[in-house]
Amino acid sequence: MSWIRTIPFDEATGKLRRLYERVTGPGNNVDNIMMAHSLRPHSMEGHMALYKNVLHHTGNSLPKWFLEVLGVWVSSLNGCGYCVEHHFKGLQRLLGDTARGDAIRAAIEARAPEQAPLEPAQIAAMHYARKLTLSPADMVEADVVALKQAGFDDGQILEVNQVTAYFAYANRTVLGLGCSTKGDDLGLSPGNSDDPDDWGH
């Protein structure tokens, strides 16, 4: 499941056990990306708090399914198949339109966001996310101005930025520790966006 030792749910005690109980899915399943933190529960706690607040918080105004599009896009650019598969499954569940989801994924795999069945503003966000992912030191104010011109307000631009930045972290966690999807229940995500402390999948 990863290249470092992990502690399974049944062997967890103390803080780790309490955290596992907060993030489990059906059958006490803990995603491998979270289990990779098991030797340092405090970093799992930080990871989940960041993930929940960036992607699954009622304070966001962009549709959750589109935030998942950005997650799949950034993960694909980073070559992180683990996050692509998890978040594409979540995207399909949230979008509720399999054909459209498949077309979005095809555009992502072709590195051609303009071919995706998305609104022009959403495509502009994907261009921003690509530059921030591949050439972060080349970002300039004009990149944000372009998002404003596309129709995003400053808070929504922050959402796009934070989702892009979060997946840089998540992808490198997975890729750097060799996490696989073996044993994971793909596509689960926190369902209660109203409570930042509810991490249940």
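Select glutamate 85 in this predicted model. Its relative accessibility is 31%, so glutamate 85 counts as partly exposed. Now add arginine 105 to the selection. The two side chains form a salt bridge, with N and O 2.6 Å apart. This pair connects distant parts of the chain, since glutamate 85 belongs to helix 5 and arginine 105 to helix 6, with their positions 20 residues apart in the numbering. Arginine 105 has a relative accessibility of 17% and therefore counts as buried.

Keep arginine 105 selected and add glutamate 109. Here is a salt bridge with an N to O distance of 2.9 Å. Arginine 105 and glutamate 109 are both in helix 6, four residues apart, which is about one turn of the helix. Glutamate 109 counts as exposed, at 52% relative accessibility.

Next, select lysine 148 and aspartate 154. They form a salt bridge too, and their closest N and O atoms are 3.5 Å apart. Aspartate 154 is exposed, with a relative accessible area of 52%, while lysine 148 is partly exposed at 43%. Which residues are joined into one network by salt bridges that share partners? They are Glu85, Arg105 and Glu109. The count of salt bridges for the structure comes to six.

Stay in helix 6 and select glycine 101, which is placed there. Is glycine 101 buried or exposed? Its relative accessibility is 0%, so glycine 101 counts as buried. Show the contacts of glycine 101, leaving aside neighbours within four places in sequence: they are Phe88, Gln92 and Leu95. For a distance to draw, take the C-alpha atoms of glycine 101 and alanine 116, which are 9.1 Å apart in space and 15 residues apart in sequence.

Move along the chain to arginine 111, in the loop between helix 6 and helix 7. Its phi angle is near 55°, a positive value in a residue other than glycine. Arginine 111 counts as partly exposed, with a relative accessibility of 35%.

The next stop is the interior. Nonpolar side chains tend to be buried together in soluble globular proteins. In this model, the largest nonpolar core has 56 residues, and the members that touch the most others are Tyr20, Trp65, Val69, Leu70, Ile104 and Leu118. To see where the core comes from, colour the elements that give two or more residues to it: helix 1 (14-23), helix 2 (32-35), helix 3 (41-55), helix 4 (64-77), helix 5 (81-95), helix 6 (98-109), helix 7 (120-134) and helix 9 (154-177). Which helix gives the largest share of this core? That is helix 4, with nine residues.

Centre the view on tryptophan 65. Residues up to four places away in sequence are not counted here. Tryptophan 65 touches Leu91, Leu94, Leu95, Arg100, Ile104, Leu118 and Gln122. Two of these names, Ile104 and Leu118, are also on the list of core members that touch the most others.

Now select cysteine 80 and cysteine 83. Why is there no bond between the sulfur of cysteine 80 and the closest cysteine sulfur? The closest one is in cysteine 83, at 3.6 Å, and this is too far for a bond; a disulfide needs the sulfur atoms within 2.5 Å. The structure holds zero disulfides. Cysteine 80 counts as buried because its relative accessibility is 1%, and cysteine 83 counts as buried at 2%.

Finish on the surface. Select Trp3, Ile4 and Leu39, which make a nonpolar surface patch of about 320 Å². Within this patch, isoleucine 4 sits in the segment before helix 1. Isoleucine 4 has a relative accessibility of 35%, so it counts as partly exposed.

Definitions and conventions:
Residues numbered from 1 in each chain as written. Predicted model: local features only at pLDDT ≥ 70, side-chain atom pairs only at ≥ 80, totals over all residues. Heavy atoms only, no water. Core = buried A, V, L, I, M, F, W, Y, C linked by side-chain atoms within 4.5 Å. Buried < 20%, exposed > 50% of the residue type's maximum accessible area, 1.4 Å probe, protein only. Contact = heavy atoms within 4.5 Å. Patch = residues over 30% accessible without salt bridge, like charges linked within 9 Å, V, L, I, M, F, W, Y side chains within 5 Å. Areas by Shrake-Rupley, 256 points an atom, 1.4 Å probe, with all protein chains shown as cover. Salt bridge = Lys/Arg side-chain N within 4 Å of Asp/Glu carboxyl O.
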